[in-house]
Amino acid sequence: MSTQRITDAELATIRDRHADIPQEPLDAARPKLLDLFCCEGGAGVGYDRAGFDVYGVDMAGKFAKRYPFPFLADDALAVLRDLLAGRDAEFADKAGDATLLRLDDFAAIHASPPCQAYTRGNAGRVTSWPRLIEPVRQLLVATDLPYCIENVKDAGPELVNPVGLCGCMFDLSTVDTDGVTIHLQRLRLFETNWGMKPPRLCDHTNHEWVAGAYGGARRDKYEAKYVRRGGYVPKDKEVVKRLLGIDHNLTWNGLFESLPPAYTHHIGAQLITAGRVATP
């Protein structure tokens, strides 16, 4: 995966090429959204529920098995460069049927660059994980489309005026295997170029038990809360899926990396309501 910064001259060339591409009207039925670094599809499901036709890109071809929408196994930055240069991107659905799309077929773009380089667990460490927020932003700006860049709280300094979303804003909760109600505590930051707003403030003060979905956490809620005073992740995968509001079958790693669909449902619905894309 390339992490090299794009020069101003390269961006100017990309914009010149893009300016020569004929502008085709959007499909009035459902606008199309490009889901970059899509993993197993949590974010994509939310945009689908909001009214978008979703097309995913990820380097890991194994994600195609669980990603619910048409998928392209490729480098997200390379795909963006190709689209900006006027080339097609080929997506395959579950039946193996291909769809060729150009940049002007899309109404909006979502990008979730890898968070591992930004997480506090890797703070101060030499890591092979790339820091892609800036190069992704450069290309997204060049598209002139509404976009959203998502990442973890520790990536905040890299994001421009990010807005935080958490499970408590969407009343995401479920009953654990022991009968105790747990509430999702999963803060993620979102940078947009169109002014996305949160539904309300993050407030867990009335939640006795909170839980999340990430690797390395304790699986005993009492030890997590009273001994380690850290995060808790339920042992049961179905509990975690309900907590995140996810219906399709994800791996454990997919759940750990997934956005709750409620987050992107909110973003997508607000994007459509704001009149930034064609109404489905």
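The lining of the largest cavity in this predicted model divides into 10 nonpolar residues, one polar residue and no charged residue. The count of cavities of 30 Å³ or more comes to one, and the largest cavity holds about 40 Å³ of space. Its lining is formed by Leu-33, Tyr-47, Ala-108, Ile-109, His-110, Pro-146, Tyr-147, Cys-148, Trp-194, Ile-267 and Leu-271. Two or more of these lining residues are given by each of strand S6 (106–111), strand S7 (147–152) and helix H8 (261–273), and S6 gives the most, with three residues.

A further feature of the predicted model is the packing of helix H3 (residues 76–84) against helix H4 (residues 133–143), in which the two axes lie 10 Å apart and enclose an angle of about 20°. Because angles under 35 degrees count as roughly parallel, H3 and H4 are therefore described as roughly parallel to each other. The crossing in which H3 passes H4 is left-handed. On the side of H3, the contact is made by Leu-77, Leu-80, Arg-81 and Leu-84, whereas H4 contributes Pro-135, Val-136, Leu-139, Leu-140, Ala-142 and Thr-143. By residue class, the contact of H3 with H4 comprises eight nonpolar residues, one polar residue and one charged residue; with Arg counted as charged, the charged member of this contact is Arg-81 of H3, and the polar member is Thr-143 of H4.

Notes: Residues are numbered from 1 along each chain as its sequence is written. This is a predicted model: local features need pLDDT of at least 70, side-chain atom pairs count only at pLDDT 80 or more; totals for chains, interfaces and linings use all residues. Side-chain values use heavy atoms; hydrogens and water are left out. On a 1 Å grid over the protein atoms alone, a cavity is a set of points where a 1.4 Å probe fits but cannot get out, and a pocket is an open set with protein on both sides within 12 Å along at least five of seven lines; lining residues have an atom within 4 Å of a point. Grid points are joined across faces, edges and corners, and a volume is the space filled by probe spheres set on the points. Helices (H or I, at least four residues) and strands (E, at least two) are DSSP runs, numbered from the N terminus. Axes are lines fitted to C-alpha atoms, for helices over the stretch in contact, and angles run from 0 to 180 degrees between N-to-C directions. Angles under 35 degrees count as roughly parallel, over 145 as roughly antiparallel, 65 to 115 as roughly perpendicular and the rest as oblique. A crossing is left-handed if the near helix is turned anticlockwise from the far one by less than a right angle, and right-handed if clockwise. Contact means heavy atoms within 4.5 Å.
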